Amino acid sequence: MRYNEGKAEELKEGFWKALADSPFLFLQLDGKPDTAVPMSPQLDKDADSAIWFFTHKNSDFAQLGRATATFQGKGHDMYARFGGTLTKETSKERFDQFWNNFVEAWYDGGKDDPDILFLRMDLGMAEIWSGDLGLLNTAKMALGMNVHEEAEEEHVKNTPL
């Protein structure tokens, strides 16, 4: 069920922009909440159904499989929760595409560090909320007025990313 099908594309576009602007999210293996940690997803503007992560071979994510990510944008203007499947990425081209100084800072051996595990998360369904309810609704909230209906207009559930 989608709460606001008409806004799905707009909210998805906003989500991708917010994620690119604030590239941190919490990632956890499904059914294992103690694996939740902040991660830096690697984004490709032309790949809207996958994101990538660098991690260590001894991390919990080496188990691969179903995972869930939660995201909060800068300024609390966008929120999302989405699922997907973690697999080992074997593409050398993708690895080189995303390698940078910020990634290298985590690996003593640089690109050739034997501890690097490069993952792809094939994305599934998402729930996305816009935190921007506007000035009028903020004023309504300050007065204790109900804004539930307006908030639902800025929310979409069970939408594919």
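Me: Leaving aside neighbours within four places in sequence, with which residues is K12 in contact?

Reply: In this predicted model, K12 is placed in helix α1. At 12% relative accessibility, K12 counts as buried, because the cut-off for that class is under 20%. Once its neighbours within four places in sequence are set aside, K12 is in contact with I128, T159, P160 and L161.

Me: With which side chain does the side chain of K12 make a polar contact, and at what distance?

Reply: K12 belongs to the buried residues of α1, whereas E9 is among the exposed residues on the face turned away from the buried side. The polar contact of the K12 side chain is with the side chain of E9, at 2.9 Å.

Me: Why can the buried residues of α1 be said to line one face of the helix?

Reply: The buried residues of α1 are A8, L11, K12, F15, A18 and L19. The face turned away from them carries the exposed residues E9, E10, K17 and A20. Viewed down the helix axis, the buried residues line one face because they fall within an arc of 130°.

Me: What distance does α1 reach from its first C-alpha to its last?

Reply: Helix α1 has 14 residues. At 1.5 Å a residue, the expected value is 20 Å, and the model comes close to it. The distance from the first C-alpha of α1 to the last is 20 Å.

Me: How many aromatic pairs does a search of the whole structure find, and what is the geometry of the pair formed by F15 and W16?

Reply: The search of the whole structure finds 11 aromatic pairs. In the pair of F15 and W16, the centres are 5.1 Å apart and the angle between the planes is 65°. F15 is itself buried, with a relative accessible area of 1%. An angle over 60° places a pair in the class to which F15 and W16 belong, namely edge-to-face.

Me: How are the rings of W52 and F98 arranged: stacked, edge-to-face or tilted?

Reply: The ring centres of W52 and F98 lie 5.2 Å apart. Both residues count as buried, W52 at 2% relative accessibility and F98 at 6%. The planes stand at 35°, so the pair is tilted.

Me: How many residues apart in sequence are the parts that the pair of W52 and F98 ties together?

Reply: W52 lies in strand β3, and F98 lies in helix α2. Both residues also belong to one aromatic cluster, formed by W52, F54, F95, F98, W99, Y107 and F118. Because its two members sit in these separate elements, the pair ties together parts whose separation in sequence is 46 residues.

Me: Which residues does R94 touch, not counting those up to four places away in sequence?

Reply: R94 lies in helix α2. Its C-alpha is 9.8 Å from that of Q42, although the two residues are 52 apart in sequence. With residues up to four places away not counted, R94 touches D44, A47, W52, E89 and F118.

Me: How many bridges join β3 to β6, and how many join β5 to β6?

Reply: Strands β3 and β6 run antiparallel, and W52 stands opposite R120 in β6. Strands β5 and β6 also run antiparallel, with A80 standing opposite I128 in β6. The bridges number 7 between β3 and β6, and 10 between β5 and β6.

Me: Is F24 buried or exposed, and which residues does F24 touch beyond four places in sequence?

Reply: F24 is placed in the loop between α1 and β1. Its relative accessible area is 52%, so F24 is exposed. The C-alpha atoms of F24 and T70 are separated by 9.4 Å, with their positions 46 residues apart along the chain. Not counting residues up to four places away in sequence, F24 touches M39, S40, P41 and F71.

Me: Which sign does the phi of L64 have, and about what value?

Reply: L64 is placed in the loop between β3 and β4. L64 is partly exposed, with a relative accessible area of 31%. Although L64 is not a glycine, its phi is positive, at about 60°.

Me: What percentage of the residues of the protein count as buried?

Reply: The secondary structure of the protein comes to 5 helices and 7 strands. Of its 161 residues, the buried share is 39%.

How values were computed:
Residues are numbered from 1 along each chain as its sequence is written. This is a predicted model: local features need pLDDT of at least 70, side-chain atom pairs count only at pLDDT 80 or more; totals for chains, interfaces and linings use all residues. Side-chain values use heavy atoms; hydrogens and water are left out. Two strands pair if DSSP finds at least two bridges between them. Helices (H or I, at least four residues) and strands (E, at least two) are DSSP runs, numbered from the N terminus. Rings of Phe, Tyr and Trp (its six-membered ring) pair if their centres lie within 6.5 Å; planes under 30 degrees apart count as stacked, over 60 as edge-to-face and the rest as tilted. Buried means under 20% relative accessible area, exposed over 50%, partly exposed in between (1.4 Å probe, protein chains only). Contact means heavy atoms within 4.5 Å. A polar contact is a pair of N or O atoms within 3.5 Å; within protein, one must be able to donate a hydrogen and the other to accept it, and residues adjacent in sequence count only if both atoms are side-chain atoms. The expected span of a helix is 1.5 Å times one less than its number of residues. The arc is that of the directions from the helix axis to the C-beta atoms.
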